[in-house]
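Welcome! Here is a short, friendly briefing to read with the model open beside you. Take it one topic at a time and look for each residue as you go.

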Amino acid sequence: RRSIASLHEEPRPPCSLQDALEELLQNDINSSEPQIHFHSEMKDPLYLPTQQMDQIVNIVQEALHNAKKYAAASRVNIQLLPSSACYEIIVEDDGCGFDVGTVSSLPGNHFGLSIMRARAQRIGGGLTINSGPGSGTRIELRWPILPDRSIVEDTGKKSETAESLFVDLLENREITL
């Protein structure tokens with residue numbers, strides 16, 4: 001019933017990546033947290049598929065969380081950059097830094113960096129982490145520009161929306177998940 005009812009809901013208005021990041025930063029501002037600066041070198045708004053947008057925003061959110069909680073950063077810079085074959089987001093802080101090679105051997109549950117890498121892989125991208133004790137942290141997320149702006153899942157097929165699956169059910173088409 002919820003799935004059918006959701007088909008009657010008004011779709012959310014399109015949101016650019018720049019707007020989504022601005023919203024994240026507005027919701028994340030707190031007087032005790034580091035100064036956060038966002039800069040986009042893209043002239044036009046970047047509209048991405050929802051799945052891709054969600055992964056990117058979650059990566060940036062995790063990077064900000066790490067800068068606040070672990071790095072004690074006073075300043076975080078976020079840049080959105082275009083290039084000929086990919087897009088790039090750089091999140092750089094002036095915190096205490098860490099030895100990237102020893103994170104997995106630290107006690108406790110430190111899954112943030114591995115989850116960020118997995119999210120980057122989900123969108124066909126890559127994550128580079130540069131840090132060192134006393135030198136801050138720089139996280140670079142790069143993902144390919146998709147000509148048709150669609151995401152191809154691990155199966156090699158374009159992802160289906162709930163609405164298109166529902167239409168296929170109504171028309172008795174074969175559905176492959």
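A residue counts as buried when its relative accessible area is under 20%, as exposed when that value is over 50%, and as partly exposed in between. Keep this cut-off in mind, because Glu-140, at 9% relative accessibility, falls on the buried side of it. The model you are looking at is predicted. Its 5 strands form an open sheet, and 4 salt bridges are found in the structure.

**The sheet**

- Across the sheet, the strands follow the order 1-2-3-5-4, and their pairing is mixed.
- Strand 1 (35-40) and strand 4 (126-131) are the edge strands, each pairing on one side only.
- On average, neighbouring strands of this sheet are turned by 10 degrees against each other, direction ignored.
- As a bit of background, strands of a sheet pair through backbone hydrogen bonds, and they can be parallel or antiparallel.
- Strand 4 and strand 5 run antiparallel and are joined by 6 bridges.
- To see one bridge partner in place, find Leu-127 and then look for Leu-141 in strand 5.

**Helices on the sheet**

- Helix 2 (residues 17-28) lies across strand 1, strand 2 (75-82), strand 3 and strand 5.
- The direction of helix 2 is at about 175 degrees to strand 1.
- Helix 3 (residues 50-69) also packs on the sheet, where it touches strand 1, strand 2, strand 3, strand 4 and strand 5.
- Compared with the direction of strand 5, that of helix 3 makes an angle of about 175 degrees.

**A network of charged side chains**

- Side chains of opposite charge can pair when their charged atoms come close.
- Which residues are linked in a network of salt bridges? They are Glu-88, Glu-92, Arg-138, Glu-140 and Arg-142.
- Arg-142 meets Glu-88 in a salt bridge, at 3.0 Å from N to O.
- This pair links distant parts of the chain, with Arg-142 in strand 5 (residues 137-144) and Glu-88 in strand 3 (residues 86-93), 54 residues apart.
- Is Glu-88 buried or partly exposed? Glu-88 counts as buried because its relative accessibility of 13% is under 20%, while Arg-142 is partly exposed at 33%.
- Arg-138 and Glu-92 form a salt bridge too, with 3.3 Å from N to O.
- Here again distant parts of the chain are linked: Arg-138 is in strand 5 and Glu-92 in strand 3, 46 residues apart.
- Both residues of this pair are partly exposed, Arg-138 at 26% relative accessibility and Glu-92 at 33%.
- Arg-138 also forms a salt bridge with Glu-140, where the closest N and O atoms are 2.6 Å apart.
- Glu-140, as you saw at the start, is buried, with 9% relative accessibility.

**An aromatic pair**

- How many aromatic pairs does the count come to? The count is 1.
- The pair is made by Tyr-87 and Trp-143, whose ring centres are 5.6 Å apart.
- Their planes stand at 40 degrees to each other, so the pair counts as tilted, a class that lies between stacked (under 30 degrees) and edge-to-face (over 60).
- Because Tyr-87 lies in strand 3 and Trp-143 in strand 5, the pair ties together parts that are 56 residues apart in sequence.
- Both residues are buried: Tyr-87 has 7% relative accessibility, and Trp-143 has 1%.

How values were computed: Residues numbered from 1 in each chain as written. Predicted model: local features only at pLDDT ≥ 70, side-chain atom pairs only at ≥ 80, totals over all residues. Heavy atoms only, no water. Helix = DSSP H or I, 4+ residues; strand = E, 2+ residues; numbered from the N terminus. Buried < 20%, exposed > 50% of the residue type's maximum accessible area, 1.4 Å probe, protein only. Pairing = 2+ DSSP bridges. Axes fitted to C-alpha atoms, helices over the stretch in contact; angles between N-to-C directions. Contact = heavy atoms within 4.5 Å. Phe/Tyr/Trp six-rings, centres within 6.5 Å; stacked < 30°, edge-to-face > 60°.
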